[in-house]
Amino acid sequence: ATPTAIMAAIGNATTHGFLVREGDALERLAKVSKLAFDKTGTLTYGKLNVIEVKSILPQFSEKEFYTLAAAAEQLSEHPLGKAIVRCHKKEIGTALSPAQQFQMIPGEGISVVVHDNRILAGNARMLAQNGVTLSDDVEKKAEQHFLQGHTVIYITIDRVLAGFIVLSDTIRAEGVQLIEQLQAMDVRPVLLTGDNENTSATIANELGIHEVHANCLPEDKLKWIGIYQGKGEAICMIGDGVNDAPALKKATVGIAMGGVGSDIAVDAADIVLVDDEVKELPHLLALSRRMMTTIR
Ligand code: ADP
Ligand code: MG
């Protein structure tokens with residue numbers, strides 16, 4: 001493409017909400033045959049709501065358990081943690097005890113100290129890593145939620161399961177149309193997500209995405225990008241989280257969600273989607289292809 005064509009395309013991309021940070025990003029995008037999506041915050045709004053709170057230990061009422069979970073999550077930057085704090089404030093509103101020694105565990109959840117107790121909040125992998133087993137009853141309830149696309153966060157107190165919190169997200173309104181448009185352009189979608197298999201499969205089915213890799217750690221997302229590239233595919237990755245950053249860097253083109261996205265994701269990306277309007281992606285792909293056919 002000529003410098004003039006590139007400048008014009010970058011200008012057009014800007015009016016559609018894309019901030020092109022790397023000069024040659026659109027040239028690389030024109031060759032893309034695969035688009036890898038993060039789930040939470042990218043294909044969903046990342047605005048989760050707490051739909052169920054279940055305390056298991058007799059010494060905690062539902063309210064007390066909910067308040068402890070919110071206290072544990074108060075330093076969290078993950079959409080799940082933020083949602084627990086936001087919904088607790090709206091529904092219960094009691095003050096939260098301070099959280100200390102906050103630690104993020106990629107692909108698992110968080111670890112933190114509240115009232116001298118070690119609190120873990122996270123998924124089944126986190127429980128397994130810490131030798132905590134689930135009762136059949138809890139496991140069954142969780143499975144039912146997964147099949148509805150919900151996320152279940154388990155809370156342990158000093159390695160004893162204290163209960164769980166169920167959250168539900170909303171798929172972006174134009175998601176189905178977006179996937180159809182990509183397929184029509186011969187760009188195949190793939191979902192790379194840290195969430196579990198059943199929740200991810202439910203969301204992917206609703207969107208018409210047939211390729212899903214669940215339970216992804218940041219290094220797994222990176223690994224999948226490398227595997228596709230090894231097969232000769234030019235692959236674009238779009239995501240919002242810290243866990244997406246290595247994959248965004250490695251991808252042929254990395255696109256970060258500018259609104260919900262973390263700074264680390266934005267820094268790793270070639271292009272920033274400023275207002276998170278993923279429905280503009282087909283326009284950007286078409287624009288980059290047109291740019292390459294413009295002859296001097
Ligand atoms: P994704 O954004 O693709 O869902 P993440 O790697 O950010 O992936 O998260 C993976 C999983 O780790 C989440 O689905 C959740 O189960 C757990 N998790 C992450 N952060 C938290 C948190 N603050 N509290 C509880 N669980 C968490
Ligand atoms: Mg995400």
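Here is a short tour of this predicted model, going from its two domains to the central sheet, the cores and an outlying hairpin.

**Stop 1: the two domains**

Start by colouring the chain by domain. The domain assignment gives domain 1 as 3-45 + 172-293, and domain 2 as 49-168. If you put a marker on the C-alpha centre of each, the two markers will sit 30 Å apart. Now show the contact between them: 14 residues take part from domain 1 and 14 residues from domain 2.

Stay on the domain 1 side of that contact and select α3 (39-43) and α9 (197-207), each of which supplies at least two residues to it. Which helix gives the most here? That's α9, with four residues. Colour this side by residue type and you'll get three nonpolar residues, 10 polar and one charged.

**Stop 2: the seven-stranded sheet**

Next, hide the side chains and bring up the strands. You're looking for an open sheet of seven strands, in the order β1-β13-β12-β11-β2-β9-β10, with mixed pairing. The edges are β1 (18-20) and β10 (212-213), which each pair on one side only.

Zoom in on β11, residues 235-239. Five of its five residues are buried, so the strand is largely enclosed by the rest of the structure. Turn the side chains back on and check each face. In a regular strand, side chains alternate between the two faces of the sheet. Here Ile-235, Met-237 and Gly-239 are on one side, Cys-236 and Ile-238 are on the other, and all are buried.

Now step sideways from β11 in both directions:

- Towards β2 (residues 34-37), the strands run parallel and four bridges join them. Pick Leu-35 and you'll find Cys-236 of β11 as its bridge partner.
- Towards β12 (residues 253-257), there are again four bridges and a parallel run. Gly-239 has Ala-256 of β12 as its bridge partner.

To get from β11 to β12 along the chain, follow helix α11 (residues 245-250): β11, α11 and β12 make a right-handed β-α-β unit. One strand further on, β12 and β13 (residues 271-273) run parallel, joined by three bridges. Ala-256 turns up again here, standing opposite Val-272 in β13.

**Stop 3: the cores**

Select the largest nonpolar core, which has 53 residues. Cys-236 and Met-237, which you've just seen in β11, are among those with the most contacts inside it, and so are Ala-36, Leu-248, Ala-251, Ala-256 and Ala-269. Which helix provides the largest share of this core? Look at α13 (residues 281-293), which contributes five residues.

Centre the view on Ala-36. Beyond its neighbours within four places in sequence, Ala-36 is in contact with Val-190, Leu-192, Ile-225, Ile-235, Met-237 and Ala-251. A second, separate core has 31 residues; to find it, select Ala-69, Leu-80, Leu-120 and Ala-162, which it includes.

**Stop 4: the β4-β5 hairpin**

Finish at strand β4 (residues 100-105). Buried or exposed to view, how much of β4 is covered? Hardly any: the count of buried residues among its six residues is zero. Its partner is β5 (residues 109-114), running antiparallel to β4 and joined to it by four bridges. Ile-105 has Gly-109 of β5 as its bridge partner. Three residues lie between the two strands of this hairpin, and Gly-107 takes a positive phi near 75 degrees.

Key: Residues numbered from 1 in each chain as written. Chains lettered and ligands numbered in written order. Predicted model: local features only at pLDDT ≥ 70, side-chain atom pairs only at ≥ 80, totals over all residues. Core = buried A, V, L, I, M, F, W, Y, C linked by C-beta atoms within 7 Å. Buried ≥ 20, exposed ≤ 12 C-beta atoms within 10 Å, placed from the backbone. Contact = placed C-beta atoms within 7 Å. Pairing = 2+ DSSP bridges. Right-handed = clockwise from strand over helix to strand, strands pointing away. Domains from an automatic or database assignment. Nonpolar A, V, L, I, M, F, W, Y, C, P; charged D, E, K, R; others polar.
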